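Welcome to the tour. Have your viewer ready, and we will go from one selection to the next.

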Amino acid sequence: MNSTTKKLLFIANWKSHKTSSETHHFLKELQASLSQINTKNKDILICSSYTSLESCKRYIREFSLPFFVGAQDVSEFGEGPYTGEVSGVQIREFADYVIIGHSERKRYLHETDEQIQKKIKQALTADLKVILCVQDENSQVFQGVSYVAYEPPSAISTFGVGKPDDPEHVSKVLQALAQKTDVPLLYGGSVDETTIQGYLNVDSVRGFLVGGASLKPQSFISLLSSC
Ligand code: PGA
C-alpha cells in the first residue's frame with residue numbers, strides 16, 4: 001500500500017503533562033486549525049493523564065473534533081480495594097483506548113511482562129482497545145491487542161535533539177514483529193514534522209506515537225498537516 005492511501009493512526013502521548021484547563025486550550029487551538037489537517041487519511045487519538053480524560057472527552061465533543069480519547073495505563077486489578085489504582089471500567093467512562101507497556105513505566109516503575117499481561121486482560125474486560133508498546137523485535141507480543149507500537153527507548157524523548165530510529169531499521173523491526181502479529185504496527189520515538197517523512201515511506205508503518213511533538217498545539221498541527 002502506498003503512503004498516500006493508507007489510513008494512519010496518530011497518537012498524542014501527553015505523558016505527565018497538561019491540566020484540564022491546558023487540555024481545553026490545546027483542543028480549542030486544534031479546532032481553530034482543523035481545516036489545515038487532512039482528517040480523512042488519519043485517525044487522531046489523544047492519550048491524556050487520567051485527570052484530563054474527562055475534559056478531553058468533553059471538549060472533543062464540544063468542539064466537534066474527529067478525535068478519540070485514550071489513557072496511558074490501566075490498573076492490573078479490577079474494581080476493588082486498590083488505593084490509587086484506576087480500573088479499566090473507570091477509564092472506559094471517558095476513553096476508548098489505552099496504552100500499555102510503555103518503556104517509561106518499565107524504566108521508572110519496573111513494570112514486568114506479567115503485569116502487562118494482567119493489564120491487557122483488564123483493558124479487554126473493560127472493552128478498551130489496547131496499544132501495546134514494545135521496545136524491539138524480540139519483545140513479547142501479547143494476544144488481544146489492537147495495535148503494536150515499536151518504540152526504541154534510545155529514540156524516546158529526544159524531541160528537538162534528534163535521535164529518532166533510522167527508517168530502514170524501523171522497517172526491519174516491523175517486518176520481524178509482523179511475523180508475530182497481524183495487528184497494525186506503529187512507530188514511536190522523536191516523531192515530529194521533519195522526522196516523520198522517512199517513516200511515511202516504510203510500507204508497514206500504520207501510525208505513530210508522538211510524545212514531545214504532541215504537546216504544543218502548533219507542533220502537533222504542523223505534524224498532522226505535513227501528511
Ligand atoms: P517522543 O515520545 O515522541 O517524545 O519521543 C514518544 C513516546 O514515548 O511515546
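Before we start, one term: a polar contact is a pair of N or O atoms within 3.5 Å. Keep in mind, too, that this is a predicted model.

**Stop 1: the ligand and its polar contacts**

Select the ligand and then K15. An N or O atom in the K15 side chain is 2.7 Å from an oxygen atom of the ligand, so the pair falls within the 3.5 Å cut-off for a polar contact. Now pick E151, where a side-chain N or O atom is 2.8 Å from a ligand oxygen. At S190, look at the backbone instead: one of its N or O atoms lies 2.8 Å from an oxygen atom of the ligand. How much of the ligand's own accessible area does the protein cover? The protein covers 99% of the 280 Å² that the ligand has on its own.

**Stop 2: the shell and the pocket**

Widen the selection to the 13 residues around the ligand; K15, H102, E151, S157 and S190 come nearest. Colour this shell by class and you will find four nonpolar, seven polar and two charged residues. Switch on a pocket display as well: the ligand sits in the second largest pocket.

**Stop 3: the cysteines**

Leave the ligand now and look for disulfides: the structure holds zero of them. Select C47, which is in no disulfide; its nearest cysteine sulfur belongs to C56, 8.7 Å away. C47 is buried, with a relative accessible area of 0%. Finish at C227, also in no disulfide, where the nearest cysteine sulfur is that of C47, 17 Å away. Is C227 buried or exposed? C227 is buried, because its relative accessible area is 18% and buried means under 20%.

Note on methods
Residues are numbered from 1 along each chain as its sequence is written. This is a predicted model: local features need pLDDT of at least 70, side-chain atom pairs count only at pLDDT 80 or more; totals for chains, interfaces and linings use all residues. Side-chain values use heavy atoms; hydrogens and water are left out. A residue is near a molecule or strand if one of its heavy atoms lies within 4 Å of it. A polar contact is a pair of N or O atoms within 3.5 Å; within protein, one must be able to donate a hydrogen and the other to accept it, and residues adjacent in sequence count only if both atoms are side-chain atoms. Accessible areas come from the Shrake-Rupley method with a 1.4 Å probe; for residues, only the protein chains shown count as cover. On a 1 Å grid over the protein atoms alone, a cavity is a set of points where a 1.4 Å probe fits but cannot get out, and a pocket is an open set with protein on both sides within 12 Å along at least five of seven lines; lining residues have an atom within 4 Å of a point. A molecule sits in a cavity or pocket if more than half of its atoms lie within 2 Å of its grid points. Ala, Val, Leu, Ile, Met, Phe, Trp, Tyr, Cys and Pro count as nonpolar, Asp, Glu, Lys and Arg as charged, and the others, Gly among them, as polar. A disulfide is a pair of cysteine sulfur atoms within 2.5 Å. Buried means under 20% relative accessible area, exposed over 50%, partly exposed in between (1.4 Å probe, protein chains only).
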